[in-house]
Amino acid sequence: MPLIIHLPAVLARLAGGNRQLTVEGRTVGEAVGQVSAAYPGLSERLRDGQGRPYPYVTIYLNDRDIRLAGGFDTPVSDGDELIVVPAVAGG
Amino acid sequence: MNAQDAQDAPDAQDAHLTREELQRYSRHLLLPEFGEEGQRRLRGSSVLIVGAGGLGSPLALYLAAAGVGHIGLVDFDLVDASNLQRQVLYGTSDVGSRKLEAGSRRLRDLNPHVRITTHDTRLTSGNALEIFRGYDVVADGTDNFATRYLVNDACVLLGIPNAYGSIFRFDGQASVFAAPGGPCYRCVFPEPPPPGQVPSCAEGGVLGVLPGMVGVLQATEVIKLVTGIGEPLVGRLLLVDALTASFRTVLLRRDPSCPACGTRSLTELADYEQFCGTGERQPATGSREITPSELAVRIGRGEDLDVVDVRERHEWDIARIPGARLIPLGELPRRLEELDRSREIVVHCKSGARSARAVALLEESGFERVVNLAGGIARWSQEVDSTMPRY
């Protein structure tokens with residue numbers, strides 16, 4: 001099922017400059033896996049060596065935190081949007 | 001602490017506005033949702049701004065202009081020329097001055113009705129609760145993860161809402177944490193990234209107007225919290241993308257397992273440098289540091305050193321250490337064969353963080369003679385070559 005992943009500028013650099021990626025997958029984890037395969041540099045910013053989400057990169061399915069749904073196992077539907085929000089600390 | 005009170009500041013929330021205040025705040029008074037009641041609430045409020053930098057500047061200026069009765073500022077730094085691109089609280093003549101002296105001077109000129117309290121110190125676990133106590137709202141304008149977790153936890157422990165803002169390069173975030181019933185920073189980011197993974201603005205850069213955009217959002221939230229108008233950003237995280245001019249809001253929920261606001265197992269402030277891994281740096285096994293002065297002496301003696309600069313090319317174009325060669329950190333893993341394992345390698349970046357990652361990478365790859373340049377080229381420009389451009 002096609003869905004869109006939105007990346008902040010800082011991560012878009014690791015995805016060939018793309019701010020939006022259209023991917024396929026039945027779960028958030030599958031979608032993340034697909035972009036990780038396409039962009040290895042981005043992969044390590046989205047999931048750890050065991051393929052788990054980081055506690056400092058929050059992913060929202062539409063506008064809801066996937067941690068409060070089912071993490072990477074959260075099912076996705078056609079047209080869903082994933083928003084990647086890494087922790088930043090600048091001020 | 002250096003408390004400086006403006007004269008004739010009426011701080012009783014219920015006293016009528018003076019003739020002068022009526023004139024100054026007339027555009028607020030004309031707002032039906034705001035009115036004199038809202039202005040009196042602002043006048044009766046105490047707001048603490050942590051960090052008088054990119055975010056703290058617009059926060060302080062707009063909150064002073066709006067008529068917040070008491071503003072506290074926490075910072076320990078001096079004004080640097082590189083601050084002026086975004087820290088609009090300061091002018092060129094302030095370079096070298098203490099930020100809080102220059103900042104409070106500017107704020108008193110902007111609005112003499114505002115009482116300014118300066119906390120010219122580094123915020124720590126030892127002083128945060130004492131400094132925060134008594135303020136109605138805290139605005140987090142700090143520039144590192146350790147202080148952000150400290151600000152969050154102190155706000156949760158004391159029950160003070162935290163008007164949060166954070167920026168990096170072209171992206172910004174804003175929310176209100178630790179409000180009654182709402183989530184806190186730890187609910188969103190339970191743990192910080194490992195040190196070095198997310199560069200600071202000093203290393204990675206920031207668009208100068210971005211802290212203006214985000215700091216003004218924070219100031220707006222402070223005003224809403226204090227006056228009770230509108231819907232504060234509680235339970236929502238506002239994402240600002242300066243490049244695409246887009247604003248997006250995602251929903252936040254209090255995490256029942258959050259040690260700060262959920263289980264409340266966190267009952268006192270912790271060691272945040274240790275939590276963020278940014279405390280006393282533990283060099284990887286066998287790795288060493290060298291100071292710029294020591295390196296200059298060794299280069300002068302003609303010793304055989306391979307000085308590797310792991311910054312980006314646009315930084316290399318600004319300034320470089322003579323004899324160094326450029327291998328940006330991102331390219332290092334695939335360019336290891338360009339390095340001679342038998343030679344001593346000195347790695348440097350702008351201030352030492354990226355090069356520490358490079359040292360770790362090289363050591364993991366079996367290099368045994370790797371040294372990190374402490375303080376990077378920034379410290380070199382202070383210790384060795386004062387003519388070198390700084391950025």
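Helices, of at least four residues, and strands, of at least two, are taken here as DSSP runs numbered from the N terminus. The structure described below is a predicted model.

In these terms, chain A holds three helices and five strands, which follow one another along the sequence in the pattern β-α-β-α-α-β-β-β. The radius of gyration of chain A is 12 Å, in agreement with the value near 12 Å that a compact globule of 91 residues would have. The C-alpha trace of chain A extends over about 35 × 25 × 25 Å along its principal axes. Of the 91 residues in chain A, 40% are buried. Among the contacts in chain A with a separation of 6 or more, 55% are made by residues 24 or more positions apart.

One local feature of chain A lies in the loop between E3 and E4, where Asn62(A) is found. Asn62(A) has a positive phi of about 60°, although it is not a glycine. Most residues other than glycine have a negative phi. The surroundings of Asn62(A) include 14 other C-beta atoms within 10 Å, and the residue is therefore classed as partly exposed.

Chain B comprises 15 helices and 14 strands. The radius of gyration of chain B is 23 Å, close to the 21 Å given by the globule rule for 391 residues, so chain B is as compact as a globular protein of that length. Along its principal axes, the C-alpha trace of chain B spans about 80 × 50 × 40 Å. Buried residues account for 44% of the 391 residues of chain B. Where contacts in chain B join residues at least 6 apart in sequence, 69% are between residues at least 24 apart.

Chain B is divided into domain 1, residues 2-275, and domain 2, residues 288-383. The centres of the two domains of chain B, taken over C-alpha atoms, are separated by 38 Å. Four residues from domain 1 of chain B and six residues from domain 2 of chain B take part in the contact. On the side of domain 1 of chain B that touches domain 2 of chain B, there are two nonpolar residues, one polar residue and one charged residue.

An open sheet in chain B is formed by five strands in the order E10-E14-E13-E11-E12, with parallel pairing. The edges are occupied by strand E10 (288-290) and strand E12 (325-326) of chain B; each has a single partner strand, so one side of each is left without a neighbour in the sheet. Strand E11 (residues 305-309) of chain B runs parallel to E12(B) and is joined to it by two bridges. Within this pairing, Asp309(B) stands opposite Leu326(B) of E12(B).

Helix H15 (residues 376-383) of chain B has as its buried residues Gly376(B), Ile377(B), Ala378(B) and Trp380(B). These buried residues of H15(B) pack against two helices, H12 (292-300) and H14 (353-364), and two strands, E13 (344-348) and E14 (370-373), of chain B.

The largest nonpolar core contains 100 residues, and those with the most contacts inside it are Val47(B), Ile49(B), Ala60(B), Leu63(B), Ile71(B) and Val222(B). Apart from its neighbours within four places in sequence, Ile49(B) is in contact with a set of residues including Leu59(B), Ala60(B), Ile71(B), Leu73(B) and Ala139(B). A second, separate core of 23 residues includes Leu332(B), Cys349(B), Ala374(B) and Trp380(B).

In chain B, a positive phi of about 60° is found at Arg169(B), which is not a glycine. Arg169(B) is placed in the loop between strand E6 (162-168) and strand E7 (171-177) of chain B. Because Arg169(B) has 20 C-beta neighbours inside 10 Å, this residue counts as buried.

The two chains meet through contacts between 20 residues of chain A and 38 residues of chain B. On the side of chain A that touches chain B, at least two residues each are supplied by helix H1 (9-12), strand E3 (57-61), strand E4 (64-65) and strand E5 (81-86) of chain A. The most is given by E5(A), with three residues. By class, this side of chain A has 13 nonpolar, three polar and four charged residues.

Key. Residues numbered from 1 in each chain as written. Chains lettered and ligands numbered in written order. Predicted model: local features only at pLDDT ≥ 70, side-chain atom pairs only at ≥ 80, totals over all residues. Rg over C-alpha atoms; globule rule 2.2 N^0.38 Å. Buried ≥ 20, exposed ≤ 12 C-beta atoms within 10 Å, placed from the backbone. Contact = placed C-beta atoms within 7 Å. Core = buried A, V, L, I, M, F, W, Y, C linked by C-beta atoms within 7 Å. Nonpolar A, V, L, I, M, F, W, Y, C, P; charged D, E, K, R; others polar. Domains from an automatic or database assignment. Pairing = 2+ DSSP bridges.
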